[in-house]
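Please explain how the parts of this model fit together, moving from single residues to helix pairs and then to a pocket. A careful reading in running text would be welcome.

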Amino acid sequence: MSSFNSLLDGFASALSISNLGFGLLGTFLGTLVGVLPGIGPALAIALLLPITYTVSPASALIMFAAIYYGAMYGGSTTSILLNTPGESGSVMTALEGNKMARNGRAGAALATAAIGSFVAGTIATAILAFTAPSIADLAIKVGAADYVALMLLAFTTVSSLLGSSQIRGFISLAVGLVLGLVGADLQSGLARLTFGNQAAIEGIETVPVIVAIFALGEALYIASRFKEEGWRILPMKGKALMSREDWKRSWMPWLRGTAIGFPLGVIPAGGSEVPTFLSYAVEKNLTKHPEEFGHGAIEGVAGPEAANNANAAGALVPLLALGLPTSATAAVILVAFQTYQIQPGPTLFLTNGALIWTLIASLFIGNTLLLVLNLPLVRLWVQLLKVPRPYLFAGIVIFALLGSYALNTSTFDVQVAIAIGVVGFLFRRYGMPITPLILGLILGPNLELQFRRALQISAGDYGTLYATPLSKVLYIVLFVVILGPTLWGLRKKIANRKGHVTK
Amino acid sequence: MKLPQGAKSELTFVGSLFALGLLVFWDTARSEIPAFNLTVSPKVFPFGIALVLMTLCAILFIRILRGDIATPEGLEPGDPIDKSDYKTFSIVLASLFAYLLLIERAGFVVAALVTFFGITVAFGNKRHGRSIFFGAIFILLIYISFTKFLHVSLPAGILKGIL
């Protein structure tokens with residue numbers, strides 16, 4: 001009941017004229033940036049961070065919520081019309097959605113994606129509103145040693161579930177941890193990896209790293225490989241509307257997608273790749289039109305899109321309740337909080353309760369605004385794709401450089417951004433996933449802090465790290481995640497060998 | 001032993017990450033801890049991370065030698081890997097450096113315009129007049145909306161007084 005009242009207060013605050021204005025601006029900008037090919041929600045938020053440097057925390061967070069959902073809407077439009085998913089979560093949408101667009105059903109694909117995202121987003125945000133406070137209550141009892149285990153688990157799942165190569169994921173994580181080390185140690189003041197550079201003592205800012213590794217890295221990579229290739233926009237005939245048949249085939253996948261996406265967002269399962277894939281697989285198995293899969297089945301758009309949005313809302317639960325981001329996008333939102341000296345975690349609902357309820361209320365509002373705005377405006381967004389590629393990349397790079405400099409008005413941050421841009425290029429060239437690096441950079445210092453706290457409490461006894469039941473369970477899961485793929489591979493190999501023998 | 005195409009450059013890359021691990025190790029080893037009584041020394045984490053990074057790189061190095069080479073983003077496993085076009089790569093990189101050098105000397109508008117132009121050239125735009133024209137409008141719009149409406153300070157540089 002108290003949750004409900006707080007939520008109503010949140011709505012009252014979010015619906016003030018100025019906050020509503022920031023919400024509208026956020027949905028507009030979020031969609032605008034999200035529609036651009038190759039830009040996922042994480043980069044969209046990172047690029048738009050500078051806009052919020054000077055506005056009040058409540059307005060900024062409202063804008064973020066709007067940008068967050070807006071960028072996801074934009075991303076699905078690009079996947080369907082261009083077949084260039086901006087992030088791993090829209091890969092599945094592109095699969096069937098692009099085929100639908102080719103068959104002249106772009107309108108229905110866009111509509112089921114938008115309405116499905118709205119349905120999933122609304123349900124998931126409602127669950128978030130009513131579960132996050134109780135999870136935060138539980139989380140207060142989570143000790144430093146448990147946090148260490150939780151973070152290690154998040155590292156492991158994100159590194160080994162993303163991308164095709166487990167070891168490359170872990171190397172990416174380690175490089176992120178190295179970046180997180182730079183600067184003065186918080187407890188002893190020891191300058192680590194600064195090599196006498198005064199500016200480096202403050203540590204490496206996360207904003208330049210994030211915009212650089214995505215935007216500058218992508219620009220360098222595309223310039224060196226695919227600069228000649230253009231893209232072909234599929235024409236959209238008619239309006240973004242669904243027939244009665246489309247509704248009938250979409251509503252169950254929306255609900256199933258929500259049911260798959262939300263819980264997988266709450267546990268650190270490595271972002272939106274797994275839930276969208278699972279939802280796609282489920283729909284493919286349950287469909288009454290199996291012959292359409294692979295040729296533009298509407299269920300294959302409705303399910304994964306809903307799963308993607310529900311997953312994004314689910315990821316906010318560990319972020320708000322534990323301060324633990326489980327995806328690149330959640331990591332960027334954590335950075336946004338920290339810009340305002342707000343540290344998400346168990347005490348957040350006590351210390352900044354009003355702010356959080358305003359944020360949750362604005363998630364509902366942003367979601368509704370998007371549905372109302374985007375379906376009629378989809379043609380306008382499509383026009384945006386006609387901007388020639390050279391201009392598009394030039395514009396993105398300018399925004400990234402602006403954000404890096406404006407944060408502290410310092411050229412050191414620009415130097416970091418350029419260096420990280422080159423790292424981003426190399427990571428793309430050599431097939432290393434990027435999300436683990438970002439998570440390592442942001443959570444690394446946090447991990448060290450909790451590790452030391454745990455050992456201080458136990459007076460140096462390392463046994464404390466796995467003394468609690470929760471930490472024991474987490475370490476078991478961790479080993480399964482690390483060894484699982486290897487064992488699975490071995491089993492396959494043995495099976496293959498047996499197969500050869502019997503032949 | 002014949003290495004698959006692209007393996008040599010990947011070995012160099014993984015080797016340099018190994019060197020990064022060595023650098024972290026060396027920097028940690030040579031630094032002196034302030035006279036504090038700490039339960040966990042500030043050296044524990046750097047040493048740990050350096051060792052993990054070096055071990056992982058060594059394993060990957062061996063795997064690459066055995067043929068497990070990386071799939072560049074946007075390609076499918078087994079696709080032929082073209083040589084990177086280092087000419088356009090250099091133009092983009094030079095444009096980024098131009099921004100770094102010019103931002104505090106010439107101001108945001110000039111620096112951003114040079115970078116904008118450089119990147120359009122790298123991406124194969126031939127109509128240079130147009131790109132400067134559109135770039136200038138775009139950058140002026142950004143400059144005015146950020147400084148006037150959002151109160152984010154950006155250096156005016158040599159255009160001070162005009163803007």
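Which residues does A:Leu322 touch, not counting residues up to four places away in sequence? In this predicted model, the residues that A:Leu322 touches, with that exclusion, are A:Ala139, A:Tyr147, A:Leu150, A:Val317, A:Pro344, A:Gly345 and A:Pro346. A:Leu322 itself lies in helix H12 of chain A, and with a relative accessible area of 17% it counts as buried, because the cut-off for that class is under 20%. A:Leu322 and A:Ile140 are 182 residues apart in sequence, yet their C-alpha atoms are 8.7 Å apart in space.

Helix H12 of chain A spans residues 299-322, and A:Glu299 is placed in this helix as well. A:Glu299 has a relative accessible area of 5% and is therefore classed as buried. Leaving aside residues up to four places away in sequence, A:Glu299 touches A:Arg249, A:Pro253, A:Glu283, A:Thr287, A:His289, A:Phe293 and A:Pro304.

Two packed helices are described by the angle between their axes and the distance between the axes. For H12(A) and H13(A) the angle is about 35° and the axes are 10 Å apart, and the crossing of this pair is right-handed. From H12(A) the contact draws on A:Leu316, A:Leu319 and A:Leu320, while H13(A) supplies A:Ala330, A:Ile333, A:Leu334 and A:Phe337. Sorted by class, this contact of H12(A) with H13(A) comprises seven nonpolar residues, with no polar and no charged ones.

Beyond helix H13 (328-339), the loop that runs to helix H14 (348-351) of chain A holds A:Gln341. Although A:Gln341 is not a glycine, it has a positive phi of about 60°, and at 72% relative accessibility A:Gln341 counts as exposed. A positive phi, of about 50°, is also found at A:Phe195, which is not a glycine either. A:Phe195 belongs to the loop between strand E2 (191-192) and helix H9 (206-225) of chain A, and its relative accessible area of 41% makes A:Phe195 partly exposed.

Another loop of chain A, between helix H18 (435-457) and helix H19 (469-502), contains A:Ala459. A:Ala459 is exposed, with a relative accessible area of 67%. Along the sequence A:Ala459 and A:Ser88 are 371 residues apart, and from C-alpha to C-alpha they are 44 Å apart in space.

The next step leads from chain A to chain B. The axes of helix H16 (residues 389-408) of chain A and helix H4 (residues 108-122) of chain B come within 8 Å and cross at roughly 145°, in a crossing that is right-handed. On the side of H16(A), the residues in contact are A:Pro390, A:Tyr391, A:Phe393, A:Ala394, A:Gly395, A:Val397, A:Ile398, A:Leu401 and A:Leu402, and they meet B:Phe108, B:Ala112, B:Thr115, B:Phe116, B:Ile119 and B:Thr120 in H4(B). The contact of H16(A) with H4(B) has 12 nonpolar and three polar residues, and no charged residues.

B:Phe108 appears again among the contacts of B:Pro155, a residue found in the segment after H5 of chain B. When residues up to four places away in sequence are not counted, B:Pro155 touches B:Ile103, B:Gly107, B:Phe108 and B:Tyr143 as well as A:Tyr405 of the other chain. B:Pro155 and B:Glu104 are 51 residues apart in sequence, with a C-alpha to C-alpha separation of 6.6 Å.

What remains is a pocket to which both chains contribute. The second largest pocket holds about 720 Å³ of space, and of the 25 residues that line it, the closest to its centre are A:Leu32, A:Leu36, A:Gly395, A:Phe399 and B:Phe138. The elements that give two or more residues to this lining are helix H2 (17-35), helix H3 (41-48) and H16 of chain A, together with helix H5 (128-149) of chain B. H5(B) gives the most to the lining, with seven residues. By class, the lining of the second largest pocket has 23 nonpolar and two polar residues, and no charged residues. A:Gly395 thus links two parts of this account, as it is listed in the contact of H16(A) with H4(B) and also among the residues closest to the centre of the second largest pocket.

How values were computed
Residues numbered from 1 in each chain as written. Chains lettered and ligands numbered in written order. Predicted model: local features only at pLDDT ≥ 70, side-chain atom pairs only at ≥ 80, totals over all residues. Heavy atoms only, no water. Axes fitted to C-alpha atoms, helices over the stretch in contact; angles between N-to-C directions. Helix = DSSP H or I, 4+ residues; strand = E, 2+ residues; numbered from the N terminus. Left-handed = near helix turned anticlockwise from the far one by under 90°. Contact = heavy atoms within 4.5 Å. Nonpolar A, V, L, I, M, F, W, Y, C, P; charged D, E, K, R; others polar. Buried < 20%, exposed > 50% of the residue type's maximum accessible area, 1.4 Å probe, protein only. 1 Å grid on protein atoms, 1.4 Å probe; cavity = no way out; pocket = protein on both sides within 12 Å on 5 of 7 lines; lining within 4 Å. Points joined across faces, edges and corners; volume = space filled by probe spheres on them.
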